[in-house]
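Open the model in your viewer and keep the sequence panel beside it. The tour goes from one selection to the next and says what is found at each stop.

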Amino acid sequence: MHKHIQRMLSDIRKEVEYTRSMIGKDALDPQILEVMGRIPRDQFVPEAQRNHAYDNGPLPIGHGQTISQPYIVALMTDMLAPQPHHRVLEIGTGSGYQTAILASLCERVYSVELTRALSEQATERFRQMSLDNIETRVSDGYQGWPEHAPYDGIMVTAAAPYVPEALLDQLKTGGRLIIPVGEPYSHQDLILLEKEPDGSTRQKHLLAVAFVPLRHGETS
Ligand code: SAH
């Protein structure tokens, strides 16, 4: 394995250890790190950011958006507990990096993005990498993607001021929804929701995070 990728994985492991009291575990599922060791993050960032592709931090991807920090990608993937038979919905395709990781662990990933240019770029990457179990769509993630519901898991990679109702509706019983909740550029909490058989939801706050906002409005 590339030495830069190895450094990234070791940085993720260290940050998991530092945050273990918040996230409630000492280590993530090794399969997730194995997949992250195979997906070339440098292919998901703009040319000018390539040198930093394996740093454990977010990076700008244009259109005012960012590719998430590798530790956060690993943690959110672990919290979603993806299984090979799962059909998962992702809100905020962005670079497509998180999508590619989910696609390597699940049967199918449906990914929604509001910014057309980012969606098209990510879709082209999936095609080039022969990731053929991903479907993308340009639309508003607050509405989810009802046509393929219900989902075994839903991951939102932009911060919303509340949990969108449509996403809870589109989650299977026993399914998990992971979402950063909070005001834009202010305090946000990474939250894990589990839908119980009686229709109620169990909510766990994990840690403070900083995501770009889940925007309301028209696709662009
Ligand atoms: N998982 C991505 C994160 C990108 S940042 C990655 O690691 O690259 C969040 C993304 O959510 C941005 O691309 C932004 O354009 C998108 N977004 C913001 N509001 C949205 C909405 N209402 N519906 C769908 N996508 C949205």
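In which loop is the place of P150? P150 sits in the loop that runs between β5 (134–138) and β6 (151–156). Before going on, note that this is a predicted model.

**Stop 1: the loop with P150**

Select P150 and show its side chain. P150 counts as partly exposed, because its relative accessibility is 38% and the partly exposed class lies between 20% and 50%. Now add A149 and look at the peptide bond that joins the pair. The bond from A149 to P150 is cis, and its omega is near 5°. For background, most peptide bonds are trans.

Next, add Q170 to the selection. In sequence, P150 and Q170 are 20 residues apart. In space, their C-alpha atoms are 4.7 Å apart.

**Stop 2: strand β6**

Go on to V156, which lies in strand β6. Is V156 buried or exposed? V156 counts as buried, since its relative accessibility is 0%, and buried means under 20%. Select G217 as well and draw a distance between the two C-alpha atoms. The distance is 17 Å, for two residues that are 61 apart in sequence.

**Stop 3: the ligand**

Select the ligand and display the residues around it. How many residues are around the ligand? There are 25, and those that come nearest are S95, E113, D140, G141 and R215. Sorted by class, this shell has nine nonpolar, 12 polar and four charged residues.

Three polar contacts can be picked out here by clicking on atoms:

- S68: a backbone N or O atom is 3.2 Å from an oxygen atom of the ligand.
- T115: an N or O atom in the side chain is 3.4 Å from an oxygen atom of the ligand.
- R215: a backbone N or O atom is 2.7 Å from a nitrogen atom of the ligand.

How much of the ligand does the protein bury? Taken alone, the ligand exposes 570 Å², and the protein buries 100% of that. The space that the ligand takes is the largest pocket.

Now colour the strands. Two elements give two or more residues each to the shell around the ligand: β2 (65–67) and β4 (108–113). The largest share comes from β2, with three residues.

**Stop 4: strand β4**

Stay with β4 and select R108, which lies in this strand. R108 counts as partly exposed, because its relative accessibility is 26%. Add R176 to the selection. R108 and R176 are 68 residues apart in sequence, and their C-alpha atoms are 16 Å apart in space.

**Stop 5: two buried helices**

Select residues 70–80, which make up helix α4. This helix is mostly covered, as 11 of its 11 residues are buried. Among them are P70, Y71, I72 and V73.

Then select residues 97–105, helix α5. Why is α5 largely enclosed by the rest of the structure? Eight of its nine residues are buried, so the rest of the structure largely encloses this helix. The buried residues of α5 are Y97, Q98, T99, A100, I101, L102, A103 and L105. While turning a helix in the viewer, remember that an α-helix has 3.6 residues a turn, so residues three or four places apart point the same way.

**Stop 6: two positive phi angles**

Return to the end of α4 and select A81. Just after α4, this residue takes a positive phi of about 50°. A81 is in the loop between α4 and β3 (87–91). A81 counts as partly exposed, because its relative accessible area is 27%.

Where is H63 found? H63 is in the loop between β1 (59–62) and β2. Its phi is near 55°, a positive value in a residue other than glycine. For background, most residues other than glycine have a negative phi.

**Stop 7: strand β9**

The last selection is H205, placed in strand β9 (residues 201–209). H205 counts as partly exposed, because its relative accessibility is 48%. Add V181 and draw the distance between the two C-alpha atoms. These atoms are separated by 9.6 Å, while H205 and V181 are 24 residues apart along the chain.

How values were computed: Residues are numbered from 1 along each chain as its sequence is written. This is a predicted model: local features need pLDDT of at least 70, side-chain atom pairs count only at pLDDT 80 or more; totals for chains, interfaces and linings use all residues. Side-chain values use heavy atoms; hydrogens and water are left out. A residue is near a molecule or strand if one of its heavy atoms lies within 4 Å of it. A polar contact is a pair of N or O atoms within 3.5 Å; within protein, one must be able to donate a hydrogen and the other to accept it, and residues adjacent in sequence count only if both atoms are side-chain atoms. Accessible areas come from the Shrake-Rupley method with a 1.4 Å probe; for residues, only the protein chains shown count as cover. On a 1 Å grid over the protein atoms alone, a cavity is a set of points where a 1.4 Å probe fits but cannot get out, and a pocket is an open set with protein on both sides within 12 Å along at least five of seven lines; lining residues have an atom within 4 Å of a point. A molecule sits in a cavity or pocket if more than half of its atoms lie within 2 Å of its grid points. Helices (H or I, at least four residues) and strands (E, at least two) are DSSP runs, numbered from the N terminus. Ala, Val, Leu, Ile, Met, Phe, Trp, Tyr, Cys and Pro count as nonpolar, Asp, Glu, Lys and Arg as charged, and the others, Gly among them, as polar. Buried means under 20% relative accessible area, exposed over 50%, partly exposed in between (1.4 Å probe, protein chains only).
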